[in-house]
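Work through the exercises below with the model open. Each task is followed by a stepwise solution.

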Amino acid sequence: MTQLKTLIEEIPKYQPGADLDVLERAYAFSARSHKGQQRASGEPYLSHPLEVASLLVNFKMDVTTVTAGLLHDVLEDTKATKADLEREFGGEIAELVDGVTKIGKLAFSSREERQAENFRKMLVAMARDLRVLMIKLADRLHNMRTLDYLPTEKTKTIAQETLDIYAPLAHRLGMAKVKAELEDLALRALQPEAYVDLQKRVAKRRLEREADINQVITILERKLSEVGIESQIRGRPKHFFSIWKKMHDQGREFDEIYDLTAVRVVTHSVRDCYGALGVIHSLWKPVPGRFKDFIAMPKVNMYQSLHTTVIGPKGDPVEIQIRTWEMHRIAEEGIAAHWLYKEKRSGKDKLDESLLWLRQLIETQQDMKDPREFMDTVRVDLFPDEVYVFTPKGDVKALPEGATPIDFAYGVHTKVGEHCVGAKVNGKLVPLRYTLRQGDIVEIVTSPSQHPSRDWLKIVKSTRARSKINQWLKVEERTRSIELGRELFEREARKYHLNPATLLAGEELKKVAADLGYPGPDDLLAAIGYGKSSVHQLLNKLAPNATLEAPEKPRPSAAARAKTEQGVRIRGVDDLLVRFAKCCNPLPGDPIVGFITRGRGLTVHARDCLTVAKSVLDRERIINVEWDVDEPGKRPVRIAVYIGRDRPGLLSEITGAISARNGNITKAEVTVTDDRKGINHFVVEVADLSQLQDIIGAIREVKDVINVERVRGL
């Protein structure tokens, strides 16, 4: 109860009028919930939430956050539910506790720096309310202080996680004291021998240097007083981790590090900061390249100070920091200090994009005195345009908001993306158009026969996925265009009784391609397939002496000319080689358009096909066509069947449903995962769209089928 009394006494000092009754109720609730539980140290478990609440008071957090700190472990470690918290303390406190609980369940397994940064971002993105992070940092700080009672292996895991995730997060929020303590405690756990050795050597050196530093402080106090600059000057010992890191990263011996203690000058105004800098540089010679102006250009976490290193009275380097009292509070307390400021801030903080919201927040909340009001304004998502998801191994992938499993697959590897047929999210099979959410665990299901489709471009969000899909389609379209160009050329050549194989195999074709400005024969044939070059132009070049007049044929009637053998009526055009686009694979019943090439070939596309949408600047090549099928033939279509649970006889029931609607299966691919879920792909011959819809409806009625989709393309 002594600690609770201290909390109740301290909070009104910075939050007058705070509801302190809620603290007593939360203490009683936490005590009941954790009754009988002990920490690894043997202390009652309640000691931990009390310490967390005390740290939050030190951070000067509002009473709501302190209350949530008292309750932060009840959802994870007791039988209490979120509904219980809402009933007892309201929705706001329940949401904070729930947020801390969710973050506590995240598994940080990757040690790669880039992954660590993604984890830090994900923490913030998942929290949505910065108060959740403040509670989590207080929780982690107390856990680190009591780390000695845990097994060695667990100790090292928690310490490494602290170093990778939580200390940088504290730095991001400008909480220098918390960051320094977390780093030192982590170093002690990870490198105990090095820590103890460093501790002894620093203590010995500090005694030697103390007289030198005191001499610098005495001289500086006198000189600043002479020029009318009021200031407070103190020696500031550097924390162990920063010294160890400098030795480790720069390969320096301990004896080569002189700046174990820095001198800090705190003044009342920015003008006095620069005045003090002038005095310092007039007293001692500055070390070139060691001056940094973080007042004019603040760090991304809003840290401001002037840093300079000078050669002191004894000839050793001395690091000096100069800042105002307001800057000092920011540097020490970070975000928690901001609502305390009554002074008007001049200018704008130069923050990076991820903390831009903080600058806007400070500009609008400069006079705010109530911490509850301030903290209400920081319920924000720092990274609203990103979603963070896990691979099955625990690595994190950062994707754009709205991303799908296809984006994730391409994020893993291009080949995984190209052969992606489906995905399992949190153990459940989902379609490719599923929208990924924060913290999802995603596993991609692949098939060697699967390839990218133009339809994928409608649902992917990442630049990488879009680029890779377009790249694949471009190569694929080129291959198809070469085939179409060759087919158009062979057809025309035969009309004039020429041997196409001989013409295309000769060396003359390479020369003609070069004359027409193409790198090689395939490029020329692709141009014909695209409609950018004429078949007749090529024939005239390859067979200049041939008579390019087709033998006379009986002219068909107008009705016969308008209708092709493929069951498509072409308005105003006849005698075209008609083919159906593989990218969208239209069926009778689908709205369609024709895409004509100058080589007299026509491809029929679905009206909503992306190929057609991309051809808006080439409208003269698009013509109106319509279905004209009296006795429809069979056309192939691909469907995907998503299975929730595989079982004996299921495949038979699915194929039976297809056969019962007169569908003919020409190809089947069955993929079943280890947990008996799966994706089955069928190529089925159908007469039209109506028959396809009947088949899809019949398959959906089969037990354990969770979804059926038509897949554009074959």
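Helices (H or I, at least four residues) and strands (E, at least two) are DSSP runs, numbered from the N terminus. The model is predicted.

**Exercise 1.** Place K60 and N585 in the chain, then classify their burial and backbone angle.

Solution.
- Start with location. K60 sits in the loop between α3 and α4 (63-70). N585 belongs to the loop between β12 (577-580) and β13 (592-596).
- Next, burial. Buried means under 20% relative accessible area, and exposed means over 50%. K60 has 27% relative accessibility, so K60 is partly exposed. N585 has 3%, so N585 is buried.
- Now phi. Most residues other than glycine have a negative phi. K60 has a positive phi, near 60 degrees. N585 also has a positive phi, of about 50 degrees, and is not a glycine.

**Exercise 2.** Describe the surroundings of H48.

Solution.
- Locate H48: helix α3 (residues 47-58).
- Check burial. Relative accessibility is 1%, so H48 counts as buried.
- List contacts, leaving aside neighbours within four places in sequence: R39, H72, D73, D139, H142 and N143.
- Take one of them, D139. H48 and D139 are 91 residues apart along the chain, yet their C-alpha atoms are separated by 8.1 Å.

**Exercise 3.** Which side chain makes a polar contact with the side chain of T309?

Solution.
- T309 lies in strand β4 (residues 306-311).
- At 4% relative accessibility, T309 is therefore buried.
- Beyond residues up to four places away in sequence, T309 touches K285, P286, V287, R290, P317, V318 and E319.
- The polar partner is the side chain of R290, at 3.3 Å.

Notes. Residues numbered from 1 in each chain as written. Predicted model: local features only at pLDDT ≥ 70, side-chain atom pairs only at ≥ 80, totals over all residues. Heavy atoms only, no water. Buried < 20%, exposed > 50% of the residue type's maximum accessible area, 1.4 Å probe, protein only. Contact = heavy atoms within 4.5 Å. Polar contact = N/O pair within 3.5 Å; in protein donor to acceptor, adjacent residues only side chain to side chain.
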